[in-house]
Amino acid sequence: MAIIVCPVCSSEMSDKTDRCPVCNFPVVNLEQVKRKRDEDNTEFITICKQCCHFAIVKKKDLGNPCAMEGGEMTPVMTREKWFAMSESDREKAANRAVSAIKGSYKYNALLHRQYGSRVRIDKNMLVYCPRCGQYTSAHFAAERNNTCTFCGSEYRFTDRLYHDVHDEVESKLQSEAEAARDPNAEDDEEQTIPKADYVKAMDDYVMEHYLKDERFFNQNEMDRRIQRQR
């Protein structure tokens, strides 16, 4: 006998029972629920029909508008299939997707130019140096032969978008600043985040997510990089 968790009310129950003792959910539907959940969490490479911005979106979120200008997002292929292709094949697939969008009446050339730097999803992945912790975008790294500008080590790729990580860190810092704000301060007083705090927060993010178990990492190299950046 195994203990399973009800997908409706999260109660624990035996896999031998017919229904959840709390919410009466039928156990026979568990596999169907799990399969539906896995399908909903399947990630797709999508493109905006308006500005040609690429994004990674889960199937359950495919109906959401583009984060750039609110255009309609259309799937290109699954993320798994995209990253299984070679770089040249991804380039061809991206060009085909953009060409198809350009033929649509929804296409906006001005917005496309504005967000052109984000057209290739794999060129905007966050990369980091496993030795000194330097981080940048894959596009910037490619211009320098994927070699760290500080210590010369080879960059490693993450599965996160560079600008999404920055947005996440900035949102966290703003929330912390708002929580620490003087309640007697003027409401219209602008909250500015010091650059040093922002850089440290990004360093902490890379350290926590990618360098915590990295045997190649060298604290002295990271300290030297930080000193050179100041």
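Me: Why is Cys 52 called buried or exposed in this predicted model?

Reply: Cys 52 has a relative accessibility of 0%. Buried means under 20% relative accessible area, exposed means over 50%, and partly exposed lies in between, with a 1.4 Å probe and protein chains only. Cys 52 therefore counts as buried. The model is predicted, so that local features need pLDDT of at least 70 and side-chain atom pairs count only at pLDDT 80 or more, while totals for chains, interfaces and linings use all residues. Residues are numbered from 1 along each chain as its sequence is written, and side-chain values use heavy atoms, with hydrogens and water left out.

Me: What makes the phi of Cys 52 worth reporting?

Reply: Most residues other than glycine have a negative phi. Cys 52, which is not glycine, has a positive phi near 65°. The residue belongs to the loop between β3 (43-48) and β4 (54-58); strands are DSSP runs of E with at least two residues, helices are runs of H or I with at least four, and both are numbered from the N terminus.

Me: How is Asn 146 classed by its relative accessibility?

Reply: With 26% relative accessibility, Asn 146 falls between the two cut-offs and is therefore partly exposed. Its phi is also positive, near 55°, and its place is the loop between α5 (138-143) and β8 (156-161).

Me: What puts the buried residues of α8 on the same side of the helix?

Reply: In α8 (residues 219-229), the buried residues are Glu 221, Met 222 and Arg 225. They share one side of α8 because they span an arc of only 100° around the axis, the arc being that of the directions from the helix axis to the C-beta atoms. Their cover includes α7 (195-211), where contact means heavy atoms within 4.5 Å.

Me: Which atoms are paired at the start of α8?

Reply: A side-chain oxygen of Asn 218 comes within 2.9 Å of the backbone nitrogen of Asn 220. A polar contact requires a pair of N or O atoms within 3.5 Å, one able to donate a hydrogen and the other to accept it within protein, and residues adjacent in sequence count only if both atoms are side-chain atoms. The pair therefore qualifies as a polar contact.

Me: Which helix supplies the largest share of the lining of the largest pocket?

Reply: That helix is α7, with eight residues, out of a lining of 16 residues. Among those nearest the pocket centre are Lys 200 and Asp 203.

Methods
1 Å grid on protein atoms, 1.4 Å probe; cavity = no way out; pocket = protein on both sides within 12 Å on 5 of 7 lines; lining within 4 Å.
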